[in-house]
Amino acid sequence: PIIDDSGVLIAAMELYESKTFLNDLLISSYLPTLTIPVVLLLSLMFYMGRVVRSAQRDIDKISNRLVTTQSRLKEFVSFNTFKAANLEQDIKDIEPEKLATTIFYSDIRGFTSLVDTSPPTQVVKFLNAIMSVQIDIIKKYGGDIDKLIGDALLVQFEGNDGETRAIVAAKEIQAHLQSEDFPRGLGIGVYSGDVLACAVGSESRRDFTIIGDTVNLAARLCSAAKTHEIVVEERTLRRSGEDLADYSDIELLRVKGHKEPITVRRWIVKAATDQNQEA
């Protein structure tokens with residue numbers, strides 16, 4: 001307002017600004033101040049994004065490597081060993097467990113002479129072939145391969161029908177090997193009983209395995225079996241439900257470490273029986 005000396009209003013003036021004036025004023029005042037923090041924040045976000053993506057790639061590689069290692073580990077150890085290794089508790093704290101199971105024990109007849117008279121590559125090729133036949137059939141019937149001991153194989157069949165599966169697997173293996181042109185055959189022993197599943201060894205190297213008289217007796221029956229033959233403990237055979245007519249008469253087998261003989265029966269592939277009779 002414009003007022004004269006006597007206080008009378010002469011005129012009034014009003015200033016009009018554009019609608020964007022205040023926005024332009026704020027932008028011009030704060031933009032320089034905000035630019036540097038925003039640029040720094042965007043740069044940090046971009047850098048962190050690259051770091052996270054790189055870390056994720058590393059994590060994926062490690063995860064894939066662990067999965068691959070687990071798969072390979074399953075090829076080298078038994079299922080029970082793999083299961084024990086995956087426990088959250090310290091392996092030295094794993095308590096021994098008593099299990100009722102059926103033991104399948106096989107061994108190649110005359111393998112030492114084959115090693116002495118054949119080239120190493122041929123021996124290994126044969127060993128891998130005969131082991132592949134056994135392993136495929138054992139897995140088919142749900143057996144858990146505890147370990148490969150040179151030319152021998154130690155397997156356990158758990159469950160109420162373990163005796164049946166172990167014997168059927170043994171018969172199928174012998175029949176398959178008889179039909180193939182292998183330079184050596186197998187002897188197989190089958191025995192059911194209690195075993196002790198436990199971790200044995202030192203602080204730096206342990207093995208989770210099964211031990212006990214049942215394992216030893218299965219190995220003894222295997223030693224008593226001839227080529228293409230299965231030696232089964234009588235009690236184990238009866239529990240399996242197999243037709244006893246397919247087996248030999250009862251035989252008393254004396255084994256080391258036992259005063260009383262073990263009652264066993266034998267089964268042999270028919271083709272192998274015929275060959276023996278012709279010979």
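Select Gly 201 first: this residue stands opposite Arg 206 in strand β7. The structure is a predicted model, in which local features need pLDDT of at least 70, side-chain atom pairs count only at pLDDT 80 or more, and totals for chains, interfaces and linings use all residues. Residues are numbered from 1 along each chain as its sequence is written, and side-chain values use heavy atoms, with hydrogens and water left out.

**Strand β6 and its partners**

Extend the selection to β7, residues 206–211, which runs antiparallel to β6 and is joined to it by 6 bridges. Two strands are said to pair if DSSP finds at least two bridges between them. Strands (E, at least two residues) and helices (H or I, at least four) are DSSP runs, numbered from the N terminus. Between β6 and β7 lie 4 residues, and the two strands form a hairpin.

Next, select residues 97–108, strand β3, together with residues 186–201, strand β6; their pairing is antiparallel and spans 12 bridges. Within this pairing, Lys 98 has Leu 196 of β6 as its bridge partner.

Now add strand β8, residues 229–233, which pairs with β6 in the parallel sense over 4 bridges. Display Val 190 and Val 232 here: Val 232, in β8, is the bridge partner of Val 190. When side chains are shown, recall that in a regular strand they alternate between the two faces of the sheet.

**The approach to β8**

Step back to His 228, in the loop between α6 (213–224) and β8. The phi angle of His 228 is near 65 degrees, a positive value in a residue other than glycine. Is His 228 buried or exposed? With a relative accessible area of 14%, His 228 is buried; the classes are buried under 20%, exposed over 50% and partly exposed in between, for a 1.4 Å probe and protein chains only.

**Salt bridges**

The whole structure holds 12 salt bridges. The term denotes a side-chain nitrogen of Lys or Arg within 4 Å of a carboxyl oxygen of Asp or Glu. Side chains of opposite charge can pair when their charged atoms come close.

Select Glu 233 and Arg 235, which form a salt bridge with the closest N and O atoms 3.1 Å apart. Glu 233 is buried at 7% relative accessible area, whereas Arg 235 is partly exposed at 32%. Glu 229, Glu 251 and Arg 266 are joined into one network by salt bridges that share partners.

Move to Glu 172 and Lys 140, whose side chains meet in a salt bridge at 3.0 Å, N to O. This pair links distant parts of the chain, 32 residues apart: Glu 172 belongs to helix α5 (residues 162–179) and Lys 140 to helix α4 (residues 120–140). Lys 140 is exposed, at 55% relative accessible area, while Glu 172 is partly exposed, at 25%.

Then select Asp 161 and Arg 165, where the salt bridge is 3.1 Å, N to O. Asp 161 is partly exposed, at 41%, but Arg 165 counts as buried, at 17%.

**A charged patch**

Finish with Arg 50, Arg 53, Arg 57, Lys 61 and Arg 65, which form a positive surface patch. For such a patch, residues need over 30% relative accessible area and no salt bridge; like charges are joined within 9 Å, and nonpolar side chains (Val, Leu, Ile, Met, Phe, Trp, Tyr) within 5 Å. To place Arg 57, select helix α1, residues 21–76, where this residue is found.

Methods. Accessible areas come from the Shrake-Rupley method with a 1.4 Å probe; for residues, only the protein chains shown count as cover. Lys and Arg count as positive and Asp and Glu as negative; His and the chain ends are not counted. The place of a charge is taken as NZ of Lys, CZ of Arg, CG of Asp or CD of Glu.
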